Amino acid sequence: MFKANNPALSSWIAVSSDSDFPIQNIPFGVFKTAEKSPRVATIIGDTIIDLAELAKAGYFSDLEVDTAVFNQSSINDFMALGKKAARAVRDRISDLFEKNNTELAGKTQVLANVLHNKKEVELLLPVQVGDYTDFYSSREHATNVGTMFRDPDNALLPNWLHLPVGYHGRASSIVVSGTEIHRPKGQQRPDDSLPPVCGPCRLLDFELEMAFIIGQPTKMGQSISTAEADDYIFGLALFNDWSARDIQKWEYIPLGPFLAKSFASTLSPWIVTLDALEPFRTKGYEQDPEVLPYLQYEGQKNYDIKLEVAIQPEAGEAKVVCNSNFKHLYWTMTQQLAHHTINGCNVKVGDMCASGTISGPTPDSYGSMLEISWRGTKPVDMPDGTQRRFINDGDTVVMKGFGEVNGVRIGFGECTGKVLPAL
Ligand code: CA
């Protein structure tokens with residue numbers, strides 16, 4: 001148990017009971033204001049804490065940490081210091097803002113420099129993402145897609161139960177929550193009896209995913225074992241891997257997704273450390289057939305994190321279309337990382353691995369409109385009387401996620417993106 005995770009702690013900063021950011025969370029992100037350049041921060045309740053200013057005022061001086069890492073436009077340099085340093089910083093923040101601590105009491109000028117209401121700041125992409133890998137690790141999702149597009153009797157391809165399937169994605173178009181997305185254009189073949197056409201995607205979809213961020217590098221040739229994997233995973237965020245289903249269907253054979261995925265992906269603004277998620281560890285799936293030794297693992301490597309997706313139309317009420325859970329992953333993050341590096345592929349600080357769409361066993365837990373509307377055959381009724389098979393222009397997709405144990409809720413905030421018409 002990490003000291004900062006203690007459920008008995010509370011902060012002198014106001015935290016509402018439904019907040020994702022109690023003092024036990026202490027995630028890391030990046031913000032700027034009209035006056036302040038981008039810098040590293042954390043959040044308690046609705047209060048943003050400027051770690052660069054806190055360091056400047058000397059509150060990290062007892063730690064063996066190079067505080068220049070907080071004066072950066074990403075958390076990459078901070079992560080690169082290693083987990084020991086990150087734990088020391090998290091513990092120090094926990095101490096400073098704990099309700100019985102008086103170190104900042106009456107320090108009006110310091111507090112004015114350090115604290116911001118979240119409404120006053122602009123949150124930025126927290127990580128400079130190097131390489132982005134997208135897995136396909138929910139058995140339910142892979143089964144649903146295989147059933148729709150291939151053969152219900154052989155929905156999973158022969159490799160699926162033996163390795164975590166993935167592909168290399170595109171990092172340049174990963175954006176922070178709140179960034180508007182233009183509907184992609186591209187080549188499609190809506191009618192198999194006619195030649196392909198090029199135009200705006202007509203089957204725009206979200207994918208409910210979580211992404212983990214690499215905090216320590218490896219050298220080429222080196223592999224990360226399942227036992228070591230947690231040491232390399234700094235933390236997690238919510239991830240919407242926007243997908244153009246019509247473009248995907250036509251282009252993906254034989255090398256996998258390309259332009260159907262590379263136009264945009266949305267990341268939530270706070271990286272919640274693996275340490276903070278410790279209370280939510282849960283057992284993984286029984287894996288049958290038995291996996292190869294390099295994919296075997298010990299302990300609880302899945303996490304019980306409730307996930308929700310809502311569609312907010314331009315006018316009118318939002319509708320929750322999915323309630324899933326991060327624990328619905330057949331392949332754990334540790335297995336994903338062990339597989340990713342078994343060939344000696346090196347990883348770098350800031351690399352990101354996404355889980356793949358996280359669908360649960362029931363239709364209300366499917367993590368994409370492709371599955372929810374079953375390829376458009378079961379439209380979703382919206383509160384305003386309209387229907388959705390996929391995502392319309394003007395819609396905002398809102399993803400949320402949190403775990404709750406012992407009365408402590410650790411959440412991720414929101415991962416939102418509004419769809420604008422194609423340019
Ligand atoms: Ca994906």
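This dialogue goes through several local features of a predicted model.

Student: Which residues does UniProt list as binding site, and how do I read such a list?

Tutor: Start with the record, then look at where the positions fall in space. In the predicted model, one unreviewed UniProt entry for "binding site" covers Asp 134, Glu 207, Glu 209 and Asp 241. These residues span 108 residues in sequence, but no two of their C-alpha atoms are more than 11.1 Å apart, so they gather at one spot.

Student: Which atoms are the protein donors of the calcium ion?

Tutor: Read the donor list atom by atom. Asp 134 appears twice, each time through OD. Glu 207 and Glu 209 each give OE, and Asp 241 gives OD. These donors lie 2.2 to 3.0 Å from the ion.

Student: How are the donor residues of the calcium ion spaced in sequence?

Tutor: The pattern is D-x72-E-x1-E-x31-D.

Student: Are the donors Glu 207 and Glu 209 buried or exposed?

Tutor: Burial is judged from relative accessible area, with buried meaning under 20%. Glu 207 has 3% relative accessibility and therefore counts as buried. Glu 209 is at 0%, so Glu 209 is buried too.

Student: Where is Glu 209 in the chain, and what is it in contact with?

Tutor: Take the secondary structure, then the contacts. Glu 209 belongs to strand E13, residues 208-214. Beyond its neighbours within four places in sequence, Glu 209 is in contact with Asp 134 and Asp 241, and also with Leu 238, Phe 239, Ala 354, Ser 355, Gly 356, Thr 357 and Ile 358.

Student: UniProt has another "binding site" feature. Which residues does it name?

Tutor: That feature, also from an unreviewed entry, is placed at Asp 241, Lys 261 and Ser 265. The three are spread over 25 residues of sequence yet cluster in space, with a largest C-alpha distance of 7.8 Å. Asp 241 is named here and also in the list with Asp 134, Glu 207 and Glu 209.

Student: Where does Asp 241 sit, and what is around it?

Tutor: Asp 241 is in the loop between strand E14 (233-240) and strand E15 (243-244). A loop position does not by itself settle burial, and Asp 241 counts as buried because its relative accessibility is 0%. Outside its neighbours within four places in sequence, its contacts are Tyr 132, Asp 134, Tyr 167, Phe 206, Glu 207, Glu 209, Lys 261 and Ser 265. With Tyr 132 there is also a side-chain polar contact of 3.1 Å.

Student: And where is Ser 265, and what does it touch?

Tutor: Ser 265 lies in strand E16, residues 265-267. Its relative accessible area is 1%, so Ser 265 is buried. Not counting residues up to four places away in sequence, Ser 265 touches Tyr 132, Ser 173, Ile 174, Val 175, Phe 239, Asn 240, Asp 241 and Trp 242.

Student: How should I read aromatic pairs, and how many aromatic pairs are found?

Tutor: Two values describe a pair of aromatic rings: the distance of the centres and the angle of the planes. The whole structure holds 14 aromatic pairs. In one of them, Phe 78 and Phe 234 have ring centres 6.0 Å apart and planes at 80°, so the pair is edge-to-face. The pair links distant parts of the chain, with Phe 78 in helix H2 (residues 76-80) and Phe 234 in strand E14, 156 residues apart. Phe 78 is buried, at 0% relative accessibility, and Phe 234 is buried at 5%. Tyr 330 and Trp 331 are also edge-to-face, because their centres are 5.5 Å apart and their planes stand at 75°. Both Tyr 330 and Trp 331 are buried.

Student: Which residues form one aromatic cluster with Phe 78 and Phe 234?

Tutor: Phe 28, Phe 60 and Phe 70 join them in that cluster. A charge can also lie over a ring: Arg 409 is over the face of Phe 402, at 3.7 Å from the ring centre.

Student: What does Leu 277 touch?

Tutor: For a loop residue, check position, burial and contacts in turn. Leu 277 is in the loop between strand E17 (272-273) and strand E18 (281-282). With a relative accessible area of 1%, Leu 277 is buried. Apart from residues up to four places away in sequence, Leu 277 touches Leu 236, Val 272, Tyr 303, Ile 305, Ile 410 and Phe 412.

Note on methods: Residues numbered from 1 in each chain as written. Predicted model: local features only at pLDDT ≥ 70, side-chain atom pairs only at ≥ 80, totals over all residues. Heavy atoms only, no water. UniProt positions renumbered as here; feature names shortened; annotations may be inferred. Helix = DSSP H or I, 4+ residues; strand = E, 2+ residues; numbered from the N terminus. Buried < 20%, exposed > 50% of the residue type's maximum accessible area, 1.4 Å probe, protein only. Contact = heavy atoms within 4.5 Å. Polar contact = N/O pair within 3.5 Å; in protein donor to acceptor, adjacent residues only side chain to side chain. Donors = N, O, S within 2.8 Å, 3.2 Å for Na, K, Ca; no water. Phe/Tyr/Trp six-rings, centres within 6.5 Å; stacked < 30°, edge-to-face > 60°. Lys NZ or Arg CZ within 6 Å of the ring centre and 35° of its normal.
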